[in-house]
Amino acid sequence: MATRTVCQLLQRRYASTAAAVRPPAAEVRNQRNAVFAREQARQRALYPRVEKIEVSVRGPGLDGTLLIMNRGMSTPLSCARHLTEHHVTNSALALVDGELWPLHQPLTNSCSLTLLTFKDSDPTMVNQAYWRSCAAMLGQVLEAAFKDNYTVELLSPPEVPVTLGAFCCDVALDPQLDSWTPSEETLRSLTRGALQLIHQDLPWEPLEVVPSVALEVFSHSRFKQEEVEQKAAQNPKGTVMLYRCGDHVLLSGGPLVARTGLCSQFEVTALHSLGQGPWGLHRRAQGVSLPLQLPAHHMVWRKLRQRAEKLVEVPRPEEATPPSLPDSASDQPATTSV
Amino acid sequence: MRIAREQGSSPDRGYKPRILVKSCHLQDHTATMRSLVFVLLIGAACESLADKMRLTLQMLISHGRVARKMGMGPQSRINMLRNILTGLVRHERIETTQARADEVRFYAEKLVDYAKKGDTDEKAMKMASFWLTEKDLVPKLFKVLAPRFESHPNGYTRMARIPCTQNLDRAKMAVLEYKGNPFPPIYPTKKQNELTLINQLLKGYREERAQLFAAKS
């Protein structure tokens, strides 16, 4: 397990046990899981009788296909299962009536469905969703990596365009770990943890909840509660999207891809310290990953990995021009191809 | 893909119609041998023939002879090739049998070499007017084809073998074209999608490399 390996590598043993302000990580995880499962069961119970909806599938060679699916139970993945195995394994995201829809979210009305893959003519949205999912996976691995007496606070992962070369996950570690610097073996063990997740092929289950339920889920984390409020304010519907992968519940700014098995090459490349913030020492974990359908030659992969080790400066929309440091890979936001 | 068939306008077409089962692009040597043996047998009686040519065994065996025979003799062959070449200059891409296309290729390239000399050159003009049976193609050769291949030292034509399904005699067909023609390519290249994840990552990588390079210099 990645937890055991990282714990063996962390040589710090403090005599005094840190006063646990919050309960141990396992309990927190179980509590979040329980709330999530309860809310999911409640939402499923809203459709006691099977009602049918008509889903028209769009795509190359599929125009005019009409599927009769169940309201509140059928997901775009089940629609793909009615088509071919190629659609099941390759679709990462769905477009329902022009809106991005996670593959495991149930359909509620008759609609038109398009299954998106990584090899479409315009996979920009899929690429962004994939980058977000990889950042989420990195956050999950970081949270599980440390011993129970060290708190790990996952900050909101910044929206990074794909051309910057790496996805990042901001994290604020326990104050005891302020002087800890990660070694190469730490990064490798984190990578191994992520590869285990990929091997397990866990689906990202989406759930749209009202802010009060989300606040209950994240009752142990002040930062997450603020984030929930922020996201609820931004969303016109007032709801918040939660995703569960295995036993880890997370909050996301946009849709994630279907499952962890879609990634094939994954590497955690760096863990930079950004400086003191309101929640402690901010650290930025960076990584690079490629999906199963787009494999890279090992030479190309090595170059991409080397680039991802450099600190990624997230272009902020408030600043006029982002400062370009000599060893940062900052590109103007205009380079993202839309 | 517009592929034009060869059209001949010279009186001596030089090739047999395709309805015949025997493919007419390669001479049938058994017929030649039989006729020569017949001649030899009669040769004893026809002494005049023996006076004109030496009847040797080498004539019957064609080991190592690479020159093709087409049509009804050397003159017929040249006329046939002239027709095909005219069709090629007019349409810039034609479909014929593989052997004819191979033969015409040599003459097509030599014609362009002559055309490169310019239309003021007497020899070039003579060649062009001999080889192109339709005289409205002579200005096209000098004004269009010669400037197009100015930068090419050689290799003005491309030949591609194609499967033969339409012919009754199943003759092996080929497509011959002058390079730089306006038609879609015979071998279409698959375009890589720029927007896939790996191409976007590589694009960012290349831009960063270019920036560093520019900053260094």
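**Reading a covered strand and a charged patch**

Mentor: Let's start with a pairing: strands S7 and S12 (residues 280–291) of chain A run antiparallel and are joined by six bridges. This is a predicted model, where local features need pLDDT of at least 70 and side-chain atom pairs count only at pLDDT 80 or more. Residues are numbered from 1 along each chain as its sequence is written.

Trainee: When do two strands pair, and which residue in S12(A) is the bridge partner of A:Asp170?

Mentor: They pair if DSSP finds at least two bridges between them; strands themselves are DSSP runs of at least two residues, helices of at least four. The partner of A:Asp170 is A:Arg284. S7(A) also pairs with strand S6 (residues 152–154) of chain A, antiparallel over three bridges, and there A:Glu153 stands opposite A:Ala172.

Trainee: Which residues cover the two faces of S7(A)?

Mentor: In a regular strand, side chains alternate between the two faces of the sheet. A:Phe167, A:Cys169, A:Val171 and A:Leu173 sit on one side, with A:Cys168, A:Asp170 and A:Ala172 on the other, and all are buried. Buried means under 20% relative accessible area, exposed over 50%, and partly exposed in between (1.4 Å probe, protein chains only).

Trainee: And which residues gather in the patch of positive charge?

Mentor: A patch takes residues with over 30% relative accessible area and no salt bridge (Lys or Arg side-chain nitrogen within 4 Å of an Asp or Glu carboxyl oxygen), joining like charges within 9 Å. Here they are A:Arg302, A:Lys303, B:Arg209 and B:Lys216. Helix H9 (298–308) of chain A and helix H7 (197–216) of chain B each give two or more of them. B:Lys216 is exposed, at 75% relative accessible area.

Technical notes
Chains are lettered from A and ligands numbered from 1 in the order in which they are written. Side-chain values use heavy atoms; hydrogens and water are left out. Patches are made of residues with over 30% relative accessible area and no salt bridge: like charges are joined within 9 Å, nonpolar side chains (Val, Leu, Ile, Met, Phe, Trp, Tyr) within 5 Å. Accessible areas come from the Shrake-Rupley method with a 1.4 Å probe; for residues, only the protein chains shown count as cover. Lys and Arg count as positive and Asp and Glu as negative; His and the chain ends are not counted. The place of a charge is taken as NZ of Lys, CZ of Arg, CG of Asp or CD of Glu.
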